[in-house]
Amino acid sequence: MAFQPFLPLVALLCSLVAPPSSAVPSLHPVVLVPGNTCSQLEARLTDEYEPPPASGCGVPRQGRGWFRLWDNFTALQEDLSLFRCYADQLRLVYDPPAGDYRNVPGVKTRVMAFGTTRSFGFNDPARKNVCMEGLVEALERVGYREGMNLFGAPYDFRHAPAAPGLASRAFSGFSSSLRLLVERASRRNGNKPVVLVTHSLGGLFATVFLDRTPLRWRRRYVKHLVMLCLGVGGSPLNMWPLASKPLASNPTSLQAAVLTYGNRSFASMFSLLPSPRVYGRTPLVITRDRNYSADDMPEFLAAAGFSGDEVARYRTRALPVTLSLRAPLVPMTAMNGVGVLTVDQLVFWDGNFSGKPQLVNGDGDGQINLVTVLALQRLVGADPDQPYFKSILIPNTTHKGMISDQSALKRVVSEIL
């Protein structure tokens with residue numbers, strides 16, 4: 001077990017330059033698992049779809065095959081009013097008989113280009129450098145080639161792993177596909193084990209996947225887990241999008257509906273909330289009348305307008321996943337940015353969650369705070385069965401800067417190599 005601060009790039013990166021059309025044969029295959037909203041989704045509408053009243057949504061699309069649902073920047077430039085249609089069609093509903101989330105009736109969805117990195121790039125200028133496009137380019141410069149030794153595992157970010165024994169059809173499908181992809185990548189590269197590289201929410205998906213995969217399979221097929229920008233206890237910042245029901249129900253754009261104020265219908269909305277295991281009774285949301293800690297999360301959600309059924313799903317589906325996170329038992333490097341103001345507490349002094357809170361900042365990468373990163377070091381580093389663990393903190397590096405700033409990318413690529 002070791003902790004390693006930021007170091008200069010090893011000389012290997014300076015000398016390893018591949019011909020443009022071939023992969024370097026000595027490299028281990030890499031599978032990239034992107035962060036939240038960094039997978040592109042397509043949709044198809046059937047006659048069962050009932051759009052919001054007087055919205056005009058769905059009529060031009062019904063029966064016309066698959067179209068880009070997320071992120072359809074080009075279509076929104078032509079007709080900005082479409083964002084309400086897309087926001088409605090991105091919604092999930094909970095199906096009590098099935099015990100699982102599903103699309104709204106009449107909407108069929110699929111993840112684009114699984115197995116490749118082609119869906120990691122976005123044509124929206126505001127989304128430039130938010131996802132793994134820069135990392136793909138950096139890996140290609142040192143000899144990685146799409147479909148040969150470089151692969152992508154996008155997923156439906158609206159869904160999330162559920163507690164063991166509960167249904168999560170989307171995550172189960174992703175896990176099956178990822179397992180087959182890892183095996184195929186290994187076979188294609190002389191049976192070399194794979195390097196899994198994750199960013200943000202992708203790290204949660206990957207660690208739960210590994211935990212639910214037989215140890216013998218993990219140690220045969222996974223050489224190294226390189227997890228970027230994720231701790232083990234969630235982030236207080238993620239409580240803010242859930243606090244304001246009025247803003248969530250009346251967004252001003254598709255980005256606001258999905259990103260800025262979150263989407264209360266998504267199964268993943270609870271996945272990265274602060275964990276009682278890490279934060280305990282520390283006040284995270286502060287009001288004049290009372291404070292809310294991670295231990296008080298059900299009460300906070302109720303105060304923020306979530307129904308009793310929704311709070312129950314947090315308790316039974318999401319919280320057990322957070323509490324059961326553990327070392328992956330494959331060699332692991334965690335890389336996180338520090339030196340950036342990051343939310344530690346939210347102050348809604350008058351108790352009005354629809355307003356903008358006062359932020360109490362600490363250290364982190366702007367999204368993931370240092371508290372949860374240090375908790376990861378304790379959890380994984382202290383496990384006697386963990387074969388290798390290294391934590392690297394890169395100064396003055398933001399959440400998206402880890403996969404877009406050239407200095408950070410060089411460090412990430414050196415760890416992959």
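In helix α6, ten residues are buried: Leu 201, Gly 202, Gly 203, Leu 204, Phe 205, Ala 206, Thr 207, Val 208, Phe 209 and Leu 210. Keep in mind as you look at them that this is a predicted model.

## A helix wrapped by its neighbours

Since 10 of the 11 residues of α6 are buried, this helix is largely enclosed by the rest of the structure. Which elements do the buried residues of α6 pack against? They are β2 (30-33), α5, β9 (194-199), α7 (215-221), β10 and α13 (308-323).

Helix α6 (201-211) also has a link to an empty space: along with α14 (370-381), α6 supplies at least two residues of the lining of the largest cavity. The biggest share of that lining comes from α14, which gives four residues. The cavity holds about 190 Å³ of space. Of its 22 lining residues, the closest to the centre are Leu 204, Leu 230, Gly 231, Val 232 and Leu 325. You have already met Leu 204, as one of the buried residues of α6. In the whole structure, a search finds three cavities of 30 Å³ or more.

## The chain as a whole

Now step back to the full chain. It has 417 residues, and 56% of them are buried. The chain holds 15 helices and 16 strands. Among contacts with a separation of 6 or more, 78% join residues 24 or more positions apart.

In soluble globular proteins, nonpolar side chains tend to be buried together. Here the largest nonpolar core has 87 residues, and those with the most contacts inside it are Val 31, Phe 270, Phe 300 and Leu 301. Take Phe 270 as an example: leaving aside neighbours within four places in sequence, Phe 270 is in contact with Leu 242, Leu 301, Phe 306, Glu 310, Tyr 314 and Ala 318. A second, separate core has 28 residues, including Val 24, Leu 150, Val 195 and Val 413.

## A strand covered on both faces

Is strand β13 enclosed or open to the outside? Seven of the seven residues of β13 (residues 332-338) are buried, so this strand is largely enclosed by the rest of the structure. In a regular strand the side chains alternate between the two faces of the sheet. In β13, Met 332, Ala 334, Asn 336 and Val 338 are buried on one side, while Thr 333, Met 335 and Gly 337 are buried on the other.

Strand β13 has parallel partners in β10 and β16. The table sets these pairings beside an antiparallel one from another part of the chain.

| Strands | Sense | Bridges | One bridge pair |
|---|---|---|---|
| β10 (222-228) and β13 | parallel | four | Leu 225 and Met 332 |
| β13 and β16 (389-395) | parallel | seven | Gly 337 and Ile 394 |
| β3 (41-45) and β4 | antiparallel | three | Leu 41 and Trp 70 |

## A three-stranded sheet and a helix

The last pair in the table belongs to an open sheet of three strands, with the order β4-β3-β7 and antiparallel pairing. Strands β4 (67-70) and β7 (107-111) are the edge strands, as each pairs on one side only. On average, neighbouring strands of this sheet are turned by 40 degrees against each other, with direction ignored. Helix α3 (residues 82-90) packs on the sheet and touches β3, β4 and β7. The direction of α3 makes about 80 degrees with that of β4.

## A pocket and a buried glycine

Strand β7 also has a part in the second largest pocket, whose volume is about 670 Å³. The elements giving two or more residues to the lining of this pocket are β6 (100-103), β7 and α5 (169-188). The lining has 27 residues, and the closest to the pocket centre are Arg 102, Asn 103, His 159, Arg 169 and Ala 170.

Finally, follow the chain on from β7 into the loop between β7 and α4 (133-141), where Gly 115 lies. Why does Gly 115 count as buried? Its relative accessibility is 5%, and buried means under 20%. Not counting residues up to four places away in sequence, Gly 115 touches Glu 146, Phe 151, Gly 152, Pro 154, Leu 181 and Arg 184. Gly 115 and Leu 32 are 83 residues apart in sequence, with 9.3 Å between them in space, C-alpha to C-alpha.

Methods: Residues numbered from 1 in each chain as written. Predicted model: local features only at pLDDT ≥ 70, side-chain atom pairs only at ≥ 80, totals over all residues. Heavy atoms only, no water. Pairing = 2+ DSSP bridges. Axes fitted to C-alpha atoms, helices over the stretch in contact; angles between N-to-C directions. Contact = heavy atoms within 4.5 Å. Buried < 20%, exposed > 50% of the residue type's maximum accessible area, 1.4 Å probe, protein only. Core = buried A, V, L, I, M, F, W, Y, C linked by side-chain atoms within 4.5 Å. 1 Å grid on protein atoms, 1.4 Å probe; cavity = no way out; pocket = protein on both sides within 12 Å on 5 of 7 lines; lining within 4 Å. Points joined across faces, edges and corners; volume = space filled by probe spheres on them.
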